[in-house]
Structures are given as C-alpha cells and as structure tokens.
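Let's walk through this structure by starting at one side chain and working outward. Keep the viewer open as you read.

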Amino acid sequence: MVKFKIVDTPQEKKEKDIQRDIVQYLRSIGCSVDVITQGMYGTSGISDIVGVKDGRALYIEVKRQGQRPTELQMNFLEEKENHGAMAFWTDSVEKVKKMKI
C-alpha cells in the first residue's frame with residue numbers, strides 16, 4: 001500500500017523566484033537593476049541584485065525563507081552601505097516593498 005503525505009503549507013519559494021519578483025517590482029518603480037550570476041572570476045560576496053535609483057546605488061542579497069547571508073555577504077553589504085549605497089538582504093518581495101527605495 002502506497003502512503004501519501006499531505007502537506008498543508010504552501011511550497012517554499014526558490015531563491016531565483018524571489019529574485020525575479022524583486023526585480024519585477026524594482027523595475028516597476030523605476031530602478032535600473034541587474035541580477036548577478038557569480039562566475040569563476042566574480043567578486044566573492046557580491047549581492048544577487050545590483051541597481052540604481054535616482055542616482056543611489058542599490059545592493060540586495062536574496063535568500064530563501066529561513067536562510068541567512070554568509071559573513072562574506074554581510075561584509076559586502078556593510079561596505080557598500082558605508083559608502084552611501086542602500087544595501088540589505090531579504091527573503092521576500094514584500095519586505096523590499098516596505099523599504100524606502
């Protein structure tokens with residue numbers, strides 16, 4: 001007899017799906033944004049999404065729910081913020097919408 005597990009909670013969004021939602025939202029409010037795919041020679045710790053709005057640089061590290069950025073990623077965000085950029089991490093587009101971008 002085959003048993004099935006019934007799951008009542010919605011499936012957790014993948015990181016790439018969260019990124020896509022955030023990019024769509026940012027573009028809808030006039031941000032110029034790009035998604036960074038880390039290559040072999042890329043900058044370690046660089047944020048997933050980089051952009052600019054009204055002359056201010058924007059760096060967003062995206063994580064699945066329940067995940068947190070690495071120390072290297074947090075250091076990258078802190079460095080950019082110290083130089084005047086808006087830099088933060090998130091696990092949902094809803095949280096980005098609450099930011100004053």
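**From one ring to the core**

Phe-76 is buried, with a relative accessible area of 8%. Here buried means under 20% relative accessible area, exposed means over 50%, and partly exposed is whatever falls in between (1.4 Å probe, protein chains only). Before we go on, a word on the ground rules: this is a predicted model, so local features need pLDDT of at least 70 and side-chain atom pairs count only at pLDDT 80 or more, while totals for chains, interfaces and linings use all residues. Residues are numbered from 1 along each chain as its sequence is written, and side-chain values use heavy atoms, with hydrogens and water left out.

What does Phe-76 pair with? Rings of Phe, Tyr and Trp (its six-membered ring) pair if their centres lie within 6.5 Å; planes under 30 degrees apart are stacked, over 60 edge-to-face, and the rest tilted. That rule gives one aromatic pair. It is made by Tyr-59 and Phe-76, edge-to-face, with 5.6 Å centre to centre and 80° between the planes. The two rings come from distant parts of the chain, 17 residues apart: Tyr-59 sits in strand β3 (residues 56-62) and Phe-76 in helix α2 (residues 71-82). Tyr-59 is at 18% relative accessibility, so it also counts as buried.

Now zoom out. There are three helices and four strands, and in sequence order they run α-β-β-β-α-β-α. These are DSSP runs numbered from the N terminus: helices are H or I with at least four residues, strands E with at least two. Of the 101 residues, 35% are buried. Take contact to mean heavy atoms within 4.5 Å. Then, among contacts between residues at least 6 apart in sequence, 51% join residues at least 24 apart.

Next, look at α1 (residues 15-28), where Leu-26 is found. Its 14 residues should span 20 Å at 1.5 Å a residue (counting one less than the number of residues), and the end C-alpha atoms are indeed 20 Å apart. Buried residues in α1 include Ile-18, Ile-22, Val-23 and Leu-26, along with the polar-named Gln-19 and Asp-21. The buried residues of this helix pack against β1 (32-35), β2, β3, β4 (86-90) and α3 (93-98). After α1 comes Gly-30, with a positive phi near 90°.

Leu-26 itself has a relative accessible area of 0%. Setting aside neighbours within four places in sequence, Leu-26 is in contact with Cys-31, Val-33, Ile-49, Leu-58, Ile-60, Val-96 and Ile-101. Ile-101 turns up again for Lys-53, whose contacts, under that exclusion, are Ile-29, Gly-30, Cys-31 and Ile-101. Lys-53 lies in strand β2 (residues 49-53) and counts as buried at 17% relative accessibility.

In soluble globular proteins, nonpolar side chains tend to be buried together. A nonpolar core here is a set of buried Ala, Val, Leu, Ile, Met, Phe, Trp, Tyr and Cys residues joined through side-chain atoms within 4.5 Å. The largest one has 15 residues, and those with the most contacts inside it are Ile-22, Leu-26, Ile-49, Leu-58 and Ile-60. Two or more residues each come from α1, β3, β4 and α3, with α1 giving the largest share, five residues. A second, separate core of six residues brings us back to where we began: among its members are Val-50, Tyr-59, Phe-76 and Ala-87.
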